[in-house]
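Work through these exercises with the sequence and the model side by side. Try each task before you read its solution.

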Amino acid sequence: MSKQDERLKAAARCRECGAVYSAWIHPDTTIDIIGRKDGCRCGARAFQDISRATDDDVSASAEIAHDRDDGST
Ligand SMILES: [Zn+2]
């Protein structure tokens, strides 16, 4: 049915602030941060795929990405 198998769920780290997010790694190496279409919370959009070696870290990294602070006071 759906042909989304070509993208790979992985962990990606912001090149600016080092924050780690779960992301979709596309075959063309495009990285989409899951749940954050605007990129990192620091405003950067350059990420590094860090989960090639450690698949098990993806779930742990997802916990980090859970910090959704809207900063509204
Ligand atoms: Zn950042």
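**Exercise 1. Find out whether alanine 11 is buried or exposed.**

Solution. This is a predicted model, so treat each count as computed from it. Start with the place: alanine 11 lies in strand 1. Next, count the neighbours: 25 other C-beta atoms are within 10 Å of alanine 11. The cut-off for a buried residue is 20 or more. Alanine 11 is therefore buried. Now look across to a residue 14 places along the chain: the C-alpha atoms of alanine 11 and isoleucine 25 are separated by 8.7 Å.

**Exercise 2. Apply the count to arginine 7 and threonine 29.**

Solution. Take arginine 7, in the segment before strand 1. Arginine 7 has 15 other C-beta atoms within 10 Å, so it is partly exposed. Its contacts, leaving aside neighbours within four places in sequence, are Trp24, Ile25 and His26. Arginine 7 is also 9.9 Å from aspartate 32, C-alpha to C-alpha, with their positions 25 residues apart in sequence.

Then take threonine 29, in the loop between strand 2 and strand 3. Threonine 29 has 7 other C-beta atoms within 10 Å, and is therefore exposed.

**Exercise 3. List the elements of the protein chain in order.**

Solution. Count them: the chain has 1 helix and 4 strands. Read from the N terminus, the order is β-β-β-β-α.

**Exercise 4. Work out how the strands are arranged in the sheet.**

Solution. Go pair by pair.

- Strand 1 (residues 8-14) and strand 2 are antiparallel and joined by 6 bridges. Within this pair, leucine 8 has isoleucine 25 as its bridge partner.
- Strand 2 and strand 3 (residues 31-33) are antiparallel, with 3 bridges. Tryptophan 24 stands opposite aspartate 32 of strand 3.
- Strand 1 and strand 4 are also joined, by 3 bridges in the antiparallel sense. Here cysteine 14 faces phenylalanine 47 as its opposite residue in strand 4, and arginine 13 stands opposite glutamine 48.

Put the pairs together: the 4 strands form an open sheet in the order 3-2-1-4, with antiparallel pairing. The edges are strand 3 and strand 4 (47-49), each pairing on one side only. Neighbouring strands are turned by 45° against each other on average, direction ignored. In general, strands of a sheet pair through backbone hydrogen bonds.

**Exercise 5. Which residues in the hairpin turns have a positive phi?**

Solution. Strand 1 and strand 2 form a hairpin with 5 residues between them. In that turn, glycine 18 has a positive phi of about 85°. Strand 2 and strand 3 form a hairpin too, again with 5 residues between them. In this turn, threonine 29 has a positive phi of about 70°. Pause on the second case. Most residues other than glycine have a negative phi. Threonine 29 is not a glycine, yet its phi is positive.

**Exercise 6. Name the residues of the largest nonpolar core and say which strands supply them.**

Solution. The largest nonpolar core has 11 residues. They are Ala10, Ala11, Ala12, Cys14, Val20, Tyr21, Ala23, Ile25, Ile33, Cys40 and Phe47. Strand 1 and strand 2 each supply at least two of them. Nonpolar side chains tend to be buried together in soluble globular proteins.

Check the cover on strand 2 (residues 20-25): 5 of its 6 residues are buried. Then trace one core member. Isoleucine 25 is in contact with Arg7, Leu8, Ala10, Ile31 and Asp49, leaving aside its neighbours within four places in sequence.

**Exercise 7. How much of the protein chain is buried, and how many of the contacts span a long stretch of sequence?**

Solution. Buried residues make up 19% of the 73 residues. For contacts, consider those between residues at least 6 apart in sequence. Of these, 51% join residues at least 24 apart.

**Exercise 8. Where is the pLDDT below 50?**

Solution. Begin with the whole protein chain: the average pLDDT is 78, and 63% of the residues score at least 70. Then find the stretch below 50: it covers residues 54-60. Beyond near neighbours in sequence, this stretch has 7 contacts in the model.

Technical notes. Residues numbered from 1 in each chain as written. Predicted model: local features only at pLDDT ≥ 70, side-chain atom pairs only at ≥ 80, totals over all residues. Buried ≥ 20, exposed ≤ 12 C-beta atoms within 10 Å, placed from the backbone. Helix = DSSP H or I, 4+ residues; strand = E, 2+ residues; numbered from the N terminus. Pairing = 2+ DSSP bridges. Core = buried A, V, L, I, M, F, W, Y, C linked by C-beta atoms within 7 Å. Contact = placed C-beta atoms within 7 Å. Axes fitted to C-alpha atoms, helices over the stretch in contact; angles between N-to-C directions. pLDDT = per-residue confidence, 0-100.
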